[in-house]
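I opened this model to look up one loop residue, the ligand site and the domains. My notes follow.

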Amino acid sequence: MGASAAKRIAPGFHSEAIEKMPREELEALQLRRLAATVDVVKQNVPAFTDRLAKVNTPASLHGIRDIPFTKKTDLRDNYPFGLFAVPRHEVKRVHASSGTTGKPTVVGYTAEDLTMWAQCVARCLRGAGIEPGWMLHNAYGYGLFTGGLGLHAGAEEAGISVVPVSGGNTERQLILIEDFAPESICCTPSYALTLAEHLSGENSLQVGVLGAEPWSELMREQIEEKLSMIAVNIYGLSEVIGPGVACETADRQGLVVMEDHFYPEVVHPETGEVLDDGEVGVLVLTSLTKQAFPILRYWTGDLCSLTREPSPCGRTHARISSIVGRSDDMIVIRGVNVYPSQVEHALLGVDLAAPHFRLVVTREGTLDNLTVEVEPVEGAGKIDDIGERLSGRVSDALRSSLGIGVAVTVAEPGSLPRSEGGKLSRVDDRRTL
Ligand code: DLL
């Protein structure tokens, strides 16, 4: 049974009046909240006093463009609590994201921030079609990562029973899914694929809420097919709140931004100029209600486009496309700009290729090299017999989508890294070594 044959899942609501608020009213609310946030940051975050000295309280939403971007380096430079806008005793929780180098970036929440966050995630889960009273198997990591606790609080807020499994220990996860028969699951898409290698299509799951890493439409098809559930994309980042900044509904027509709390812009990756709706650029987010760690024009580095057309389900808030890559992920191969997500997309369309792969990036002198490692699908035959055919097909697919030739190697089935519960990096970037 594929997802299409599964019971039709319809988007629900957690705060219907807000989610369907007429845009004019929504934008007036955003402006009031933006003005208050700018004033709070100016007054309460000494690290930004100089930077914001010439910025006036915005009189229109357009006025946000006068505010300088906040970047990840600002969080590192003010580690750990230097950008908090409330006294330490008002901070009820901190989370942190592990940077690949150096210190983590630390974020904080007041009691009201935690309530707002739970409400945003509750909207995501209800929009995804999960009903109050259903069970949610939560396989996002609990701890400093925002995934586990973020989804946990949202489920409770929406009246969904949550199983706080956290990531890892796949064997135990499989037993619990079998025995508890949850209707829904949340985890990274790469971990959903790991679970799908062991779970039959005859399982209890109807909805998966997957995110925290990029994934393509083809990967969605594979997950939906193998697990017989619909797979909904959830987006967020710890600097802005955690999961729940934006999420698809069960219709899967773009990710609805919780626009009463987060103001989205898409800007040109090099000039920072705000782009028109529909154009792909860097997503920039401003928190409109956060207290402990308000953030103005945060440069996410995530590439997507934006639309303000109303959704089929009646939601009026803006939607972003799936994240198509990160502005800092670009590889230049013989003068051609390549994003790993483009490679993934081409690769997943090759029928002999399994959805497990790795991109190895190396540098010789000033030239970047890319090697794509692929695995054959189960049952395709011995590598000696099909290896050449598989690598030929992958090379052809890559040449036609990227316009350049890329080295391809075929690995033994099961040998490439699988997600063990957390984010899976499919790019092995050896250029800095
Ligand atoms: O990954 C928050 C989260 C948890 C989102 C659970 C969804 C589900 P960070 O660890 O701070 O926070 O990582 C944020 O992950 O800037 C994106 O590059 C990437 N990311 C998150 N969601 C998606 C998604 C959490 N749906 C960074 N698609 C972000 C693509 C995503 N990339």
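Which element gives the largest share of the shell around the ligand? I found that β7 does, with 5 residues.

**Ground rules.** I am working with a predicted model, where local features need pLDDT of at least 70, side-chain atom pairs count only at pLDDT 80 or more, and totals for chains, interfaces and linings use all residues. Residues are numbered from 1 along each chain as its sequence is written, and side-chain values use heavy atoms, with hydrogens and water left out. Helices (H or I, at least four residues) and strands (E, at least two) are DSSP runs, numbered from the N terminus.

**Ligand site.** I counted a residue as near the ligand if one of its heavy atoms lies within 4 Å of it. There are 20 residues around the ligand, and N233, I234, S238, D302 and K423 come nearest. By class, I noted 9 nonpolar, 6 polar and 5 charged residues in the shell. Here Ala, Val, Leu, Ile, Met, Phe, Trp, Tyr, Cys and Pro count as nonpolar, Asp, Glu, Lys and Arg as charged, and the others, Gly among them, as polar.

Next I looked up atom pairs. A side-chain N or O atom of N233 is 2.7 Å from a nitrogen atom of the ligand. For A212, a backbone N or O atom lies 3.1 Å from a ligand nitrogen atom. K423 has a polar side-chain atom 2.8 Å from an oxygen atom of the ligand. On its own the ligand has 610 Å² of accessible area (Shrake-Rupley method, 1.4 Å probe), and the protein covers 92% of that area. Two elements give two or more residues to the shell: α6 (146–158) and β7 (230–237).

**T188.** I found T188 in the loop between β5 (184–187) and α8 (189–196). Is T188 buried or exposed? T188 counts as buried because its relative accessibility is 1%; buried means under 20% relative accessible area, exposed over 50%, partly exposed in between (1.4 Å probe, protein chains only). Contact means heavy atoms within 4.5 Å. Beyond its neighbours within four places in sequence, T188 touches residues including Y140, A212 and K423. Y140 is 48 residues from T188 in sequence, yet their C-alpha atoms are 7.0 Å apart.

**α8.** I checked the helix after T188. In α8, 8 of its 8 residues are buried. Their cover includes α7 (170–180), β5, β6 (207–211), α9 (217–227) and β18 (353–364).

**Domains.** The domain assignment (automatic or from a database) gives domain 1 (2–23 + 106–256 + 284–295) and domain 2 (331–429). Their C-alpha centres lie 28 Å apart. The contact takes 17 residues from domain 1 and 13 residues from domain 2.

Definitions and conventions. A polar contact is a pair of N or O atoms within 3.5 Å; within protein, one must be able to donate a hydrogen and the other to accept it, and residues adjacent in sequence count only if both atoms are side-chain atoms.
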